[in-house]
Amino acid sequence: MKFWNPPFQKMSTRSFLSRMLTLVLLVTAQLGFGQEYRISGNIREGATGESLFGASVYLEGTSIGTTTNDYGFYSISVEEGNYRLVISYLGFEDVREEIEVNDNLNLDYELQEASNQLNEVILESENIEDINIAKPEMGVNQLKVATIKQIPAVLGEVDVIKSIQLLPGVTNNGEGSSGFNVRGGSVDQNLVLLDEAIIYNTSHLLGFFSIFNADAIKDIKLYKGNIPAKYGGRASSVLDVRQKDGNNKRFAMTGGIGTVSSRLALEGPLVKDKSSYLLAGRGSYAHLFLKLDEELRDNSAYFYDLNLKTNFAISEKDQLFLSAYFGRDVFTLAENFSSSYGNALGNLRWNHIFNDRIFSNLSLNYSKYDYQLEINAFEFDWISEIDNYNLKYDLSYFLNNQITLDFGINGINYVFNPGEISPTTPTSGINFLQLDQKRAVEGGIYIGADHKISEKLSLQYGLRYTHFARLGGQPITEYLNDQPVVYNELLEIYQRGTPVGQTEYTRSEVIDDFGTLEPRLALSYRLNDFTSIKAGYSRVAQYIHLLSNTTSVTPLDVWTPSGPYVEPQLSDQFAVGFFKKFNNEYSLEVEGYYKNIYNRIDYIDGSDLIGNNTIETEILTGDARAYGIEFLARKSAGRFTGWLAYTLSRSEQQTPGGTAGGPGINEGKTYLTPFDRTHDLSFTGVFRLNKKWNLSTNVIYQTGRPVTYPNGQYVYEGLSIASYSERNSDRLPAYHRIDISAIYTPGKPGRRWRGEWVFGIYNIYNRRNAAAISFSQNRETGLNEATRIAIFGIVPSVTYNFKF
C-alpha cells in the first residue's frame, strides 16, 4: 500500500491574513449590493428564551431563505415590497407575518412549542426539511437532548457519547471503553468541545458513562466528514456540544434519581428577558453498595460533575456568556491505592452584532485535564496533566442571499506535564522526579463561504492556515545517527536508540514549528425537491497526540505535542453521497468516504510509555487509511420514529521502519487498526403507545475488534514463552445486544410538576460480549486456556425523572 505524504508548508500568519482579506474585498467588490434591504434578528424559544440554532427563516412564495446560525441569528436580503415572512423550527409552532419592506428591518421572534407534539424522536442532518437536501454538508448529524433521553442506556444513565455511537460511522472499543471512534480514526482524532472549550477525556468511571449531564445540554452536532473551516486541530471529527443558556422567563428545575447516580439542574432569570443562569450537578453513589460486601467495603469508585452558565444581555447588540464545567472520578482500593482524574474548563464569550450583515463571537476558553495516582505501599504520588488557553474571534458576514462568509482567527497556548512523582513520606524509597514539561502554541486563521450558485447547485468552501510551534524551556535528547529507535537485525526487534547528548533550549526559543494550508470544499446538486447528490474534500492537520499502547484509552495516557521526532498528523478525506426524502416522514442518506492519515503514531513491541522522558524511543510513524460506505434510513414523524444505520468499512495502517531501519511494524505489511469494524449495524426505535407510555429499543451488531493472539510457544531456560501472530490479524467475537426501555408519564399534561418513570433493560438476552481474551496455562492440567473477559451481562434499571 502506497501513501503520498505531503510536506507541511510554512507561511507567515501576516501573509496569509493579507491574502484572505484581499479575497474578501475582491468578492465583495465584484458582487455589489444593488437596491436591497436587510431583514435580520434573533430566534428564541418562547418558554425559556434559549436561542434556536438551525431555525428556518424564509419568504413564502420565493426562493429567499436561510437558517439561524449557532447563536440564533439570521440575516437575509430582499428588495422593496410586501412579503409573508415564515419562521419554522421542528417541534414548534410556525410564525407567519405579513411585512412591508422599504427599509432595513430588525425582527426578533420567540417560537412556542407545538401543542400537538408527541415528543417524537428526531434525528437531524440539519434541522430544516427541504434545505436539508440543498445544503452542501456531508457527514453532519445533530441530536437533540429530547432524542437522547429516550434512547435505552446502561443503568438508566442518559449518555451523549453512547447515543452518537448509534449513528453510522461511529463506534467505540466496547463496553467500559472511553471515547469514540469516527470512520476508522482513533479517540484522540476527535475534537470534543463543550461551549467551545476543549474536552480531553469524555468519560466517567473509565468509560461506563460520559461527562455530559443531559439536563445541562441543549444540543450536540457531530461533523464526521466535511469539517467547516472554522474548526481544526483533529484529524477525524468534531463533536460540538452546547450547554443551555438558562431560562430567562421563569425558574425551572429538572433532575432524576437513578440506579447508580442522581442529578439536579436549576435555571432561571437574573433579570427577566435579559439575563439568566444555569446550575446543574450530578453524582454517583454506586460505591455505597460496596459497603454491604465485607470484602469490598474498603474500596470505592464514584464520580461527580458540575455545570454552570450565566448570560447577560448588555444591549440589543451585545450579550456576554460565562460558562464552566468541573468533573472528577475517584477510585480507592482499601488504603493501598487511590486515583482520580477529571476535566475543568471555563468559557467567557461576547456576542456582538455590528450591523444587519455582520455577527461576531469573541471567546476566551480554558481547559485542563489531570490524572493523579497515589500508591501508599510504595509511598509516592503521581500526577500528569495538560492545560490550555484558547482565544478565538469568529465573524459571519451575510453578504447577500447567495453568499455568507465566515472568517476568524484563534490561538491556543498548551502546557503538557507528562508526569511528576513525589514521595509521600520521609522514609519513602522513591525520589522526586519531574518529567520534562512541554510547551507549545497553535494558531489558526480561516475563511469559509456558503455559496448558493443556483437553485440546484450550492457550494461550501474555505481555507484554513494553521501554524504550530514547539517552545523551549526543556532539553531535547540527541541520538546516535539521529535514530531514537533502531532495528536490531540479530534479534529482529526494535530497540531504543543510543543517546549521545542533549540540546538545551531557553523558554524564548522555538524547538520546532510546522504549518499547513487546509482546504475544505463541499457541493450539493439538487436533482429535484426531494433528491440531491453531494461531494466533498477536506484536509485537517493535528499537532497534538494521545500516547496509549492499550486497546482502550485509559486516564493514565498522556498527551504530547509534535516536535523534532514526532510529526503532525495530516488527514485528507474525500466523500460522496446520495440524499433522498420520500415524504415528510421517511428519508435515506448514503455516503461513501475515503480517508488518508499521514504520520500516524504506532508503538514498537514492548513499548513502555509510563514515566518515560524520551517517548520518541517507543514509537514509529506510518500512514493509515480508512474507507467505507454508510447508510442511514430514518422515520422522523408519527407515533413510531427512529432510524436504521449501517456501515461497511475498513481501517488499516502501514508503518515502515523509516530512519530506524528494518522492515517496520508487522514486517512492513499493512495491518488492521484497532478501530476497524467491517460491519456496524444499529437500529433505534421509539413508539408512542399513548399519552402515558413511550416504548423504545436499540439493536446493535458490530464485527469484533482486531486483536493479536498467540499462535505458539517455546521453552527458553525453563520458561514458557508465547509467540504471536501478525499484528491485529485476529478478532474478538462479534459484539451484539438488544436494549429496551419504557417511559411512563403519570398525571395530567400541563401541570407544573411533571414526573416520569424510566424502566430499562440493557442487554436483554444477557450476551457476555468480550472486552478482551486472555491466555494462560491451567496449573492442574498443564493445558493452555483462553478466557473471555466481559463487562456487562443483563442490566435492569429504574430512574425517576422530574421537571418543574
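**Exercise 1.** In this predicted model, classify Asp215 as buried, partly exposed or exposed, then describe its salt bridge with Lys149.

*Solution.*
Step 1. Buried means under 20% relative accessible area. Asp215 has 1% relative accessibility, so Asp215 counts as buried.
Step 2. Lys149 has a relative accessible area of 29%, which means partly exposed.
Step 3. The two side chains meet in a salt bridge, 2.7 Å from N to O.
Step 4. Asp215 lies in the loop between strand 16 and strand 17, and Lys149 in the loop between helix 3 and helix 4. The pair links distant parts of the chain, 66 residues apart.

**Exercise 2.** Which parts does the salt bridge of Lys244 and Glu267 tie together?

*Solution.*
Step 1. The N to O distance of this pair is 3.8 Å. A salt bridge needs the two atoms within 4 Å.
Step 2. Lys244 sits in the loop between strand 18 and strand 19, Glu267 in strand 20, so the bridge ties together parts 23 residues apart in sequence.
Step 3. Lys244 is buried at 19%. Glu267 is buried at 8%.

**Exercise 3.** Are Asp394 and Lys392 buried or exposed? Which residues form the salt-bridge network?

*Solution.*
Step 1. Asp394 and Lys392 form a salt bridge, with the closest N and O atoms 2.5 Å apart.
Step 2. Asp394 is buried at 13% relative accessibility. Lys392 is buried at 16%.
Step 3. Shared partners join Glu50, Asp195, Lys218, Asp245 and Lys309 into one network.
Step 4. The count of salt bridges comes to 42.

Conventions: Residues are numbered from 1 along each chain as its sequence is written. This is a predicted model: local features need pLDDT of at least 70, side-chain atom pairs count only at pLDDT 80 or more; totals for chains, interfaces and linings use all residues. Side-chain values use heavy atoms; hydrogens and water are left out. Helices (H or I, at least four residues) and strands (E, at least two) are DSSP runs, numbered from the N terminus. Buried means under 20% relative accessible area, exposed over 50%, partly exposed in between (1.4 Å probe, protein chains only).
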